[in-house]
Amino acid sequence: MNEPYQIIDSRFRNLVLANVSLRQISGGHWWTEGPVWFPAHQCLLFSDIPKQKIYRWMVDGTVNVFRENSHFSNGHTRDYQGRLISCEHGSRSVTRTEHDGTVITLADQFKGKRLNSPNDVIVKSDGSIWFTDPTYGILSDYEGHKAMPEQRHRNVFRLDPGTGHLVSAASDFTQPNGLAFSLDERLLYVAESGGSHDENIPGVIRVFDVGDDNHLESQGDFVTLDCGLPDGFRVDCYGNIWTSAADGVHCFDINGVLIGKILVPETVSNLTFGGPRGNELFITATTGVYAIHVNSAAAVPDVSECFVKVT
Ligand code: MG
């Protein structure tokens, strides 16, 4: 059997498994994104942005619609209370789905002007919500509603969900995209995918020092992709970065050395770890969602036993 991965550094062999396959677990979509695993309900949620739906995949293989009219939702994450946090292009907002199913807006403007189109989102252990705000969702009517940007910058934002206070944490991106913290949360990694519209901008993941006050200090580029642009990515329990790329998922070690690739037949947008034992990598890739067992797991322990009401 052909291995569905490429070993570049022998250390990557310790992160993958023999005799596993890359399985397509859902297909026929238009542009999938935003995979998030809910351990309490043993299911994966993911977006199809242009179809305006959020789908739910269960471990028995069932796939159904979790939410109709998702407002062109893109990236999702789970907060420490087990609630769904979502980026929506259509409403140009970040929302939270409460345990009773109510959807509330957490942020939709900055300095009195509408956000561009929130793309991807993570939660820090102090409860702060960090998200990127590129313009992809307002460039056309395919992934949102076409509009002129009101914001001067394409920011990385930090939101205090208790007060609603929104701060620009970084503003010097062409198009910020996926983001993730290092294991100790002293580093923040952010993808620059501006090469989608300007070929002179390389596909890089930048790294920032995170101060005690959550102030960011840029440390420059961390990795440069050799194939395509970085979109969503995750840090695993060993600190490795697994990032989306044109030919699959690229795995970089804690020093930014490319050690291997999971080869995927469609352009990858995002990924997450999950599954009953936490060792499955779920990959959203254009029209399909794929899964593969690996010898690694998510960085953040699954502390929540709660789940949002299925609507
Ligand atoms: Mg993205």
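**Figure 1. Strands S22 and S23 form a hairpin with two residues between them.** In this predicted model, the two strands run antiparallel and are joined by five bridges. S22 covers residues 241–245, and S23 covers residues 248–252. Within the pairing, Ile-241 stands opposite Phe-252 of S23. S22 is mostly covered, as five of its five residues are buried. Ile-241, Thr-243 and Ala-245 point one way from the strand, whereas Trp-242 and Ser-244 point the other way. Residues of both sets are buried.

**Figure 2. Strand S21 pairs with S22 in the antiparallel sense.** S21 consists of residues 233–235, and three bridges connect this strand to S22. Arg-234 is placed opposite Trp-242 of S22. The hairpin of S21 and S22 has five residues between the strands. In this hairpin, Gly-239 adopts a positive phi near 95°. S22 therefore takes part in two hairpins, with S21 and with S23, and is mostly covered under the criterion of less than 20% relative accessible area.

**Figure 3. The magnesium ion is coordinated by Asn-119, Asn-177 and Asp-231.** The donor atoms are OD1 of Asn-119, OD1 of Asn-177 and an OD atom of Asp-231, at 2.1 to 2.2 Å. Along the chain, these donors follow the spacing N-x57-N-x53-D. The pair Asn-177 and Asp-231 links distant parts of the chain, being 54 residues apart. Asn-177 lies in strand S17 (residues 176–181), while Asp-231 belongs to the loop between strand S20 (216–224) and S21. Both Asn-177 and Asp-231 are buried.

**Figure 4. Surroundings of Asn-177 in strand S17.** The relative accessible area of Asn-177 is 3%; because the cut-off for burial is under 20%, Asn-177 counts as buried. Its side chain makes a polar contact with the side chain of Asp-231, at 3.3 Å. When neighbours within four places in sequence are left aside, the residues in contact with Asn-177 include Asn-119, Asp-120, Thr-132 and Tyr-136. Val-190, Ala-191 and Ser-193 are also among the contacts of Asn-177, as are Pro-230, Asp-231 and Gly-232. Two of these residues, Asn-119 and Asp-231, coordinate the magnesium ion together with Asn-177.

**Figure 5. Strand S15 pairs with S14 and with S16.** S15 spans residues 154–159 and is mostly covered, with five of its six residues buried. S14 (residues 129–132) and S15 pair in the antiparallel sense over four bridges. In this pairing, Ile-129 stands opposite Leu-159 of S15. Strand S16 (residues 166–173) is joined to S15 by five bridges, and these strands also run antiparallel. Arg-154 faces Phe-173 of S16 across the pairing. S15 and S16 form a hairpin with six residues between them, and Gly-164 in the turn has a positive phi of about 80°.

**Figure 6. The protein chain as context for the close-up views has zero helices and 27 strands.** Its radius of gyration is 18 Å, close to the 19 Å that the globule rule gives for 311 residues, so the chain is as compact as a globular protein of that length. Along its principal axes, the C-alpha trace spans about 55 × 40 × 35 Å. Of the 311 residues, 57% count as buried. Residues 24 or more positions apart account for 49% of the contacts with a separation of 6 or more. The chain exposes about 12500 Å², of which carbon and sulfur atoms supply 48%.

How values were computed. Residues numbered from 1 in each chain as written. Predicted model: local features only at pLDDT ≥ 70, side-chain atom pairs only at ≥ 80, totals over all residues. Heavy atoms only, no water. Buried < 20%, exposed > 50% of the residue type's maximum accessible area, 1.4 Å probe, protein only. Pairing = 2+ DSSP bridges. Donors = N, O, S within 2.8 Å, 3.2 Å for Na, K, Ca; no water. Rg over C-alpha atoms; globule rule 2.2 N^0.38 Å. Contact = heavy atoms within 4.5 Å. Areas by Shrake-Rupley, 256 points an atom, 1.4 Å probe, with all protein chains shown as cover. Polar contact = N/O pair within 3.5 Å; in protein donor to acceptor, adjacent residues only side chain to side chain.
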